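Trainee: I have this model open on my screen and would like a close look at one part, the shell around the ligand. Please start with the chain as a whole, then go slowly through that part and what lies beyond it.

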Amino acid sequence: MSINRDILIEKLKDEEFIWDIMVIGGGATGLGIALDAVTRGYKVLVVEQSDFAKGTSSRSTKLVHGGVRYLAQGDVALVREASKERGLLWKNAPHLVKNQTFIIPVYSWLDKIKYGIGLKMYDWIAGRLSLGASLLISRKETARALPEVTTKGLKGGVKYHDGQFDDSRLAINLAQTIIEQGGSAINYMKVVSLLKEAGKISGATVQDEESGNRFLVHARAVVNATGVFVDGILKMDDPAARNSVVASQGIHLVFDKALYSSEHALMIPKTSDGRVLFAVPWHREVVVGTTDTLVGEPLLEPQALEEEVDFILNTASQYLTKKITRRDVKSMYVGLRPLAAPQEGSQKTKEISRSHKILHSGSYLFTVIGGKWTTFRKMGQDLVDHIEKVLNWPRTSSISKSFKIHGYQQQVDWKDPLYFYGSDAEAIRKKLADKNDWLSERLRIYRGQVHWAVQYEMARTVEDFLARRTRALFLDAEESMRLAPEVAALMAAPLGKDKAWEEEQVTAFNTIAEKYRL
Ligand SMILES: Cc1cc2nc3c(=O)[nH]c(=O)nc-3n(C[C@H](O)[C@H](O)[C@H](O)COP(=O)(O)OP(=O)(O)OC[C@H]3O[C@@H](n4cnc5c(N)ncnc54)[C@H](O)[C@@H]3O)c2cc1C
């Protein structure tokens, strides 16, 4: 189904229309809420100030996981919930979620026993939705499976399974699903103020970030799902509202797969700052991260700190036979975790719970904070249940647990350059001029994907295409800059834009892409 942003906006012009639920924020949380609500039959609108998943939701470690780390912290309830959601997402979006083996190389017998038992518990908690049993492997087998990992002092390994996915592709597929189910999801539409009637929130004023036009949108319930930006919306409701979120920054470095040839992901359970470090194969490259640094003012394009880059390079180099350097980095991306601020006491972010919290203000602005990509659906279900309860709406049942997401396809050839389109891949393939019509042969992106992204996936800018419809910017920042002028030219005609727009787009893209280069 082709998606026309102008048609979606037409509906906003009807100021008499009353939505059931208006969701502010088109990241994992907002899209999860809208999915759950629209599939229950509610009239749902999602507005995103930038592009879908522009914020944290395109910058994750790409894991759909129970969270081995949370198990170590004793948060069994969170691991149980996340393991269940991991299994459900694997069933509902099999074209995007891959069963990934992970190996923990161990350098002491005690660690081998400790992690072996811990991961058996991890399997057991997941129960029926486990992706496969964990097992202890020998030194020889570990060395063979992880050829670039140092064998000095190696005692063996622990192998286990978790999910691996493409975050922004899932966000796009969710937006498509919401629209197909009769809802609306509009990018570049920013909430600038909230509407109130008799002290109760009744909608919001939104601004089209492309045209500057403003619309009054009315809704029976308004949800603030803006991640690290929730406090800005809470203050539109009540300027005296206390801050409810702290932002913790995590960076990832992306390396050429030649540096780490294994098909298994590497998991280092305890780094020098007590965190875990992952090296995860992703789209023919490898993603290594992450860090955990409290930051102040949240930004849509946060900046990595030098010490974070050094930390990842040094920690990864300790475990690899070859020292990795800045020159090896193809791309670097930074995300901000929206963590529920502790009421009082410790500010150490790794101690702040990763589970989600739902709040509502006296004027009935609903807010979700915290959570993970993995649990986005459950957060949506909990929030819609909460709205029904608080606003005394008739109770409905959630059906998102078994709802197939746009692109659903069971048989996946992970080597196919178009695999992440799932059931759309065939239609795209038919539109390609020929199967060698590469926009980038290195990143295996076809020219035909640009037109598809504009017509069917609401790509509005060069960055939308290179960062979130394809993952070029995240995989190889320099290559993505090389592609930008051609992408701008290919997008201009279907979007009805001129040469000046193309030039502006390339300049804007390059400014952002510079941040992804080391
Ligand atoms: C480094 C890192 C690694 C992670 N790795 C994983 C992982 O491997 N697996 C996992 O499950 N989870 C992971 N997470 C957690 C997960 O990515 C986040 O929990 C999730 O993406 C948060 O989504 P969100 O929708 O709440 O926030 P966001 O994605 O930030 O979305 C909020 C949106 O609200 C929009 N917005 C703000 N103000 C307005 C306004 N006024 N009007 C309209 N829109 C507005 C923003 O533009 C933004 O797009 C990771 C997080 C980080 C930081």
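Mentor: Happy to. Half of the chain is a good place to begin: 50% of the 518 residues of the protein chain count as buried. Please keep in mind throughout that this is a predicted model. The chain holds 16 helices and 20 strands. With a radius of gyration of 22 Å, close to the 24 Å from the globule rule for 518 residues, the chain is as compact as a globular protein of that length. If you turn it along its principal axes, the C-alpha atoms fill a box of roughly 70 × 55 × 40 Å. Contacts in this chain often link distant stretches of sequence: among those with a separation of 6 or more, 70% are between residues 24 or more positions apart.

Before zooming in, it helps to have the domains in mind. The domain assignment divides the chain into domain 1 (5-56 + 168-242 + 354-402), domain 2 (93-164 + 246-340) and domain 3 (419-514).

Now to your part, the ligand. There are 39 residues around the ligand, and those that come nearest are G25, G27, G55, G227 and G250. Which elements give two or more residues to this shell? They are helix 2 (28-39), strand 8 (189-197) and strand 16 (329-340). Of these, strand 16 gives the most, with four residues. Domain 1 and domain 2 each supply at least three residues of the shell. Sorted by class, the shell has 20 polar residues, 12 nonpolar ones and seven charged ones.

Domain 2 has a strand that deserves a visit of its own. Strand 4 (residues 98-106) is largely enclosed by the rest of the structure, because seven of its nine residues are buried. You can find two pairing partners for strand 4. With strand 6 (residues 156-164), strand 4 pairs in the antiparallel sense over nine bridges, and in this pairing N99 stands opposite G163. With strand 12 (residues 265-268), strand 4 runs parallel, and two bridges join them. There, F102 stands opposite A265.

Let us finish with domain 3, to see how it meets domain 1. The C-alpha centres of domain 1 and domain 3 lie 28 Å apart. Their contact takes nine residues from domain 1 and seven residues from domain 3. On the domain 1 side, helix 7 (residues 167-180) makes the largest share, four residues. That side of domain 1 has four nonpolar, two polar and three charged residues.

For a single residue to click on, try F465, which sits in helix 13 (residues 462-469). Is F465 buried or exposed? The cut-off for a buried residue is 20 or more other C-beta atoms within 10 Å, and F465 has 31 of them within 10 Å, so F465 is buried. Setting aside residues up to four places away in sequence, F465 touches V450, A453, A459, T470, V487 and M491. As a long-range check on your screen, pick F465 and Q207: they are 258 residues apart along the chain, and their C-alpha atoms are separated by 23 Å.

Conventions
Residues numbered from 1 in each chain as written. Predicted model: local features only at pLDDT ≥ 70, side-chain atom pairs only at ≥ 80, totals over all residues. Rg over C-alpha atoms; globule rule 2.2 N^0.38 Å. Buried ≥ 20, exposed ≤ 12 C-beta atoms within 10 Å, placed from the backbone. Contact = placed C-beta atoms within 7 Å. Near = placed C-beta within 6 Å. Nonpolar A, V, L, I, M, F, W, Y, C, P; charged D, E, K, R; others polar. Domains from an automatic or database assignment. Pairing = 2+ DSSP bridges.
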